[in-house]
Amino acid sequence: MKERALQRLVQSALEPEWEARFEPNSYGFRPGRSCHDAIEAIFNAIRCKPKYVLDADIEKCFDRIAHQELLRKVNAGSRIRRQLEAWLKAGVIDQKQWFPTESGTIQGSPLSPLLANIAMHGIEEAVAQKYTRNSRRGFYLPIIVRYADDLIAVHDDLNIIREVQELIETQLKPMGLRLKPEKTRIAHTLKSEHGIPGFEFLGFNIRQYPVGKTHSGKTHQGKPLGFKTIIKPAKSSIRRQARRLRTEIADRRYAEQQVLIKALMPVIVGWSRYYSTVVSKRTFNYLDMVLFSILLAWAFRRHTGKRKDWIIRKYWSQTAGKLWMFQTPGGKQQLPGHSQTPIRRHLKVIGNRSIYDGNWVYWSARLGHRPDVPARVSKLLQRQRGTCWECGLYFRDGDLMEVDHVIPRALGGKDAFHNWQLLHRHCHDRKTADRTAVGTNDNRQMIEEPCDLETVKHGFEAERRG
């Protein structure tokens with residue numbers, strides 16, 4: 001426990017510095033960034049033009065990093081360097097036998113992802129140094145998107161893609177790393193000249209389809225492209241999810257219905273939320289059909305002598321929206337389907353923004369939490385996606401904000417999250433004045449009590465002075 005706590009301490013010392021230095025298209029194991037940011041970055045890179053793609057995987061990334069080269073790159077103080085070197089050389093114990101570690105990061109350590117990112121840092125910078133953008137001739141830099149040890153290189157010239165592959169291998173060699181040949185391929189997003197068009201990345205299938213003008217994607221000027229970029233769950237991911245559902249139900253073939261619902265709910269909700277930012281509606285409906293057939297077989301096995309309609313009425317009920325739900329009698333526990341998860345597009349993190357850059361408005365709106373911001377303000381910023389619901393404009397760093405009740409408490413509104421909204425102070429004043437002026441000539445009437453307001457100021461200097 002002591003060593004783990006010490007590793008967390010070293011991580012907290014190194015992470016802010018490296019978060020300010022990491023490349024903008026690096027997304028793996030970084031606070032405030034996710035797989036969905038990487039997918040959106042790829043979509044933005046190919047949405048307006050078919051391109052060649054280098055789909056690469058770094059072989060045994062966490063096990064082959066050269067220690068001395070990593071320590072040189074970290075360039076920390078002598079005390080941290082000595083401690084890092086001790087951890088890297090500590091070795092591992094397998095079946096009560098100690099083995100030395102000549103390369104690789106610290107096994108099972110919270111520092112390992114950060115050290116791996118440091119080791120692979122510099123690929124985008126090397127590409128930017130080799131190539132020069134020339135917008136007049138229509139030449140743009142190759143785009144590198146990396147999530148941990150998986151990376152994608154995108155460009156419309158096949159020769160450039162091959163040069164980038166050689167450059168990446170040269171960049172990784174001093175660190176003791178190399179691309180895995182079995183998982184490295186060059187594909188095209190639209191044409192089938194290099195096998196099946198498109199590629200898979202982080203469980204998503206990314207591909208462009210030729211379509212007519214009524215379904216075509218469009219340029220920024222509104223001109224049809226003749227193709228459409230579609231990102232959807234990969235077939236391998238769909239098969240794994242169907243297999244997981246069968247396994248979970250088979251392991252509980254004799255369990256009660258509420259036990260089965262409790263086991264299946266995180267499997268369904270977690271998978272659906274991961275793929276809820278792309279074109280997944282058909283996939284969700286298909287998996288719901290698969291789930292229904294497996295559950296129906298589970299119910300028939302429990303009641304072999306009963307009629308089919310009796311079994312369905314026992315385990316399924318029709319809700320107000322005419323949706324059949326697998327639920328316990330009385331509807332106390334319900335099993336949500338994949339298709340009940342709404343499709344909502346993900347907004348990619350801006351450039352090389354870091355969670356340590358001090359922009360609390362931006363990160364509260366994205367993540368819904370900040371250590372120096374009240375919890376309800378952060379949650380409201382996330383729910384409202386960083387906008388004021390009165391004027392529709394984005395909150396900016398330094399804006400004065402107030403928590404308002406949608407239905408005022410004087411009119412029967414509740415002091416609860418569903419009745420809160422975050423407004424600019426001037427928007428809240430205007431809203432209150434408008435409501436005060438309607439139906440009364442008494443300008444002294446107050447719709448909200450002062451104690452129901454919460455003023456939020458950048459850094460909360462006003463609260464600290466008080």
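# Pockets, a cavity and some odd loops

Me: Since this is a predicted model, let's start with the biggest opening. Which helices each supply at least two residues of the lining of the largest pocket?
Reply: That pocket has about 1,000 Å³ of space in it. Among its 31 lining residues, the ones closest to the centre are His 346, Ala 365, Arg 366, Gln 382 and Arg 385. The elements that each put at least two residues into the lining are α2 (35-46), α12 (360-367) and α13 (375-383).

Me: Which element gives the largest share of that lining of the largest pocket?
Reply: Ala 365 and Arg 366 are among the residues closest to the pocket centre, and α12 covers residues 360-367. The largest share of the lining is five residues, and it comes from α12.

Me: How many residues of the lining of the largest pocket are charged?
Reply: Arg 366 and Arg 385, both among those closest to the centre, give a taste of it. The nonpolar residues number nine and the polar ones 10. That leaves the charged group, with a count of 12.

Me: What about the second largest pocket: what is its volume?
Reply: Its lining is made by 15 residues, and nearest the centre lie Asn 44, Ala 45, Lys 51, Tyr 140 and Ile 143. By class that lining splits into six nonpolar, four polar and five charged residues. The volume comes out at about 540 Å³.

Me: Which elements each supply at least two residues of the lining of the second largest pocket?
Reply: Asn 44 and Ala 45 sit among the residues nearest its centre, and α2 runs over residues 35-46. A strand, β5 (150-155), joins in. So the elements with at least two lining residues each are α2 and β5.

Me: Now something closed off. Which residues line the largest cavity?
Reply: The structure holds one cavity of 30 Å³ or more, with about 30 Å³ of space in it. Both α6 and β4 supply at least two residues of its lining. By class there are two nonpolar, no polar and three charged residues. The names are Glu 23, Ile 123, Glu 124, Ile 144 and Arg 146.

Me: Within what arc do the buried residues of α6 fall, seen down its axis?
Reply: The buried residues of α6 (residues 123-130) are Ile 123, Glu 124, Ala 126 and Val 127. They line one face of the helix, because seen down the axis they fall within an arc of 160°.

Me: What covers those buried residues of α6?
Reply: Two of them, Ile 123 and Glu 124, also line the largest cavity, and β4 helps to line that cavity too. The cover includes α5 (112-120), β4 (143-147), β5 (150-155) and α7 (158-172).

Me: Over to the loops. Is Ser 216 buried or exposed?
Reply: Ser 216 lies in the loop between β8 (204-210) and β9 (227-233). Its relative accessibility is 8%, and the cut-off is under 20%. Therefore Ser 216 counts as buried.

Me: Which backbone nitrogen does the side chain of Ser 216 reach?
Reply: Beyond its neighbours within four places in sequence, Ser 216 is in contact with Val 211, Pro 224, Leu 225, Gly 226 and Phe 227. At 2.7 Å, its side chain reaches the backbone nitrogen of Gly 226.

Me: Which residues is Cys 48 in contact with, leaving aside its neighbours within four places in sequence?
Reply: Cys 48 lies in the loop between α2 and β1, and is partly exposed at 27% relative accessible area. Leu 225 and Phe 227, which also contact Ser 216, appear on the list for Cys 48. The full set is His 220, Leu 225 and Phe 227.

Me: Phi of Lys 60 is positive, so is it buried, partly exposed or exposed?
Reply: Most residues other than glycine have a negative phi. Phi of Lys 60, in the loop between β1 (52-57) and α3 (67-74), is near 45°. With a relative accessible area of 49%, Lys 60 is partly exposed.

Me: What is phi of Leu 202 near?
Reply: Leu 202 sits in the loop between β7 (199-201) and β8. Leu 202 is buried, with a relative accessible area of 19%. Its phi is a positive value in a residue other than glycine, near 55°.

Me: Zooming out, what share of the residues of the protein count as buried?
Reply: The protein has 15 helices and 15 strands, and its C-alpha trace spans about 75 × 75 × 60 Å along the principal axes. Of its 466 residues, the share that counts as buried is 43%.

Notes. Residues numbered from 1 in each chain as written. Predicted model: local features only at pLDDT ≥ 70, side-chain atom pairs only at ≥ 80, totals over all residues. Heavy atoms only, no water. Buried < 20%, exposed > 50% of the residue type's maximum accessible area, 1.4 Å probe, protein only. Helix = DSSP H or I, 4+ residues; strand = E, 2+ residues; numbered from the N terminus. Arc of directions from axis to C-beta. Contact = heavy atoms within 4.5 Å. 1 Å grid on protein atoms, 1.4 Å probe; cavity = no way out; pocket = protein on both sides within 12 Å on 5 of 7 lines; lining within 4 Å. Points joined across faces, edges and corners; volume = space filled by probe spheres on them. Nonpolar A, V, L, I, M, F, W, Y, C, P; charged D, E, K, R; others polar. Polar contact = N/O pair within 3.5 Å; in protein donor to acceptor, adjacent residues only side chain to side chain.
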